[in-house]
Amino acid sequence: MDGKNKKDIKKGYKVLIVLKKDQRTGKRTKGIVKDILTHSSVHPHGIKVRLEDGQVGRVKEIIKR
């Protein structure tokens, strides 16, 4: 499942995100959602989240609920 709809993402979900510094390469980082930062219900590039380790990026894939 992609991460474009805010309703699909909850705190505690395991996700793959793309960090700002990795946008050109598309390298994905795995982590657990701590905070949801995007205000709108849908975003074409993925919902922006903060992981438990403090990294911020846009969700590209939801691994596990």
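**Strand pairing and core of a four-stranded barrel**

Strands E1 and E2 (residues 29-36) run antiparallel and are joined by four bridges. In this predicted model, one of those contacts between the strands pairs Leu16 with Lys30 in E2. On its other side, so to speak, E1 (residues 14-19) meets E4 (residues 56-64), again in the antiparallel sense, and here six bridges hold the pair together. Val15 finds its bridge partner in E4 at Ile62. E2 also pairs with E3, antiparallel once more, over three bridges, and Asp35 sits opposite Arg50 of E3.

Put together, the four strands close into a barrel in the order E1-E2-E3-E4, with antiparallel pairing. Within this sheet, neighbouring strands are turned against each other by 70 degrees on average, direction ignored. There is not much else by way of secondary structure: the chain comes to zero helices and four strands, so to read it from end to end is to read β-β-β-β, given how strands are assigned as DSSP runs.

As for overall dimensions, the C-alpha trace spans about 25 × 25 × 20 Å along its principal axes. The radius of gyration is 10 Å, which agrees with the value near 11 Å that a compact globule of 65 residues would have. About 4300 Å² of surface is accessible, and carbon and sulfur atoms account for 49% of that. Buried residues make up 35% of the 65 in the chain. Sequence-distant contacts are well represented too: taking contacts between residues at least 6 apart in sequence, 49% join residues at least 24 apart.

What fills the inside? The largest nonpolar core has eleven residues, namely Ile9, Tyr13, Val15, Ile17, Leu19, Val33, Ile47, Val49, Leu51, Val59 and Ile62. At least two of these residues come from each of E1, E3 (48-51) and E4. The biggest giver is E1, with three residues. As a rule, side chains in a regular strand alternate between the two faces of the sheet.

Val15, a residue of strand E1, is a handy place to look at this core up close. Its relative accessibility is 0%, so Val15 counts as buried, the cut-off being under 20%. Leaving aside residues up to four places away in sequence, Val15 touches Thr29, Lys30, Gly31, Val33, Leu51, Val59, Glu61, Ile62 and Ile63. One of these, Val33, is 18 residues away along the chain, yet the C-alpha atoms of Val15 and Val33 are separated by 7.1 Å.

Leu51, another member of the core, has its own set of partners. With residues up to four places away in sequence not counted, Leu51 touches Val15 and Ile17, along with Thr29, Lys30, Gly31, Ile32, Val33 and Lys34.

Gly31 turns up in both of those contact lists. This glycine lies in strand E2 and is buried because its relative accessible area of 14% falls under the 20% cut-off. Under the same exclusion of residues up to four places away, Gly31 touches Tyr13, Lys14, Val15 and Leu51. Gly31 and Gln55, 24 residues apart in sequence, are 8.8 Å apart from C-alpha to C-alpha.

Terms used:
Residues are numbered from 1 along each chain as its sequence is written. This is a predicted model: local features need pLDDT of at least 70, side-chain atom pairs count only at pLDDT 80 or more; totals for chains, interfaces and linings use all residues. Side-chain values use heavy atoms; hydrogens and water are left out. Two strands pair if DSSP finds at least two bridges between them. Helices (H or I, at least four residues) and strands (E, at least two) are DSSP runs, numbered from the N terminus. Axes are lines fitted to C-alpha atoms, for helices over the stretch in contact, and angles run from 0 to 180 degrees between N-to-C directions. The radius of gyration is taken over C-alpha atoms; the globule rule is 2.2 Å times the number of residues to the power 0.38. Buried means under 20% relative accessible area, exposed over 50%, partly exposed in between (1.4 Å probe, protein chains only). Contact means heavy atoms within 4.5 Å. Accessible areas come from the Shrake-Rupley method with a 1.4 Å probe; for residues, only the protein chains shown count as cover. A nonpolar core is a set of buried Ala, Val, Leu, Ile, Met, Phe, Trp, Tyr and Cys residues joined through side-chain atoms within 4.5 Å.
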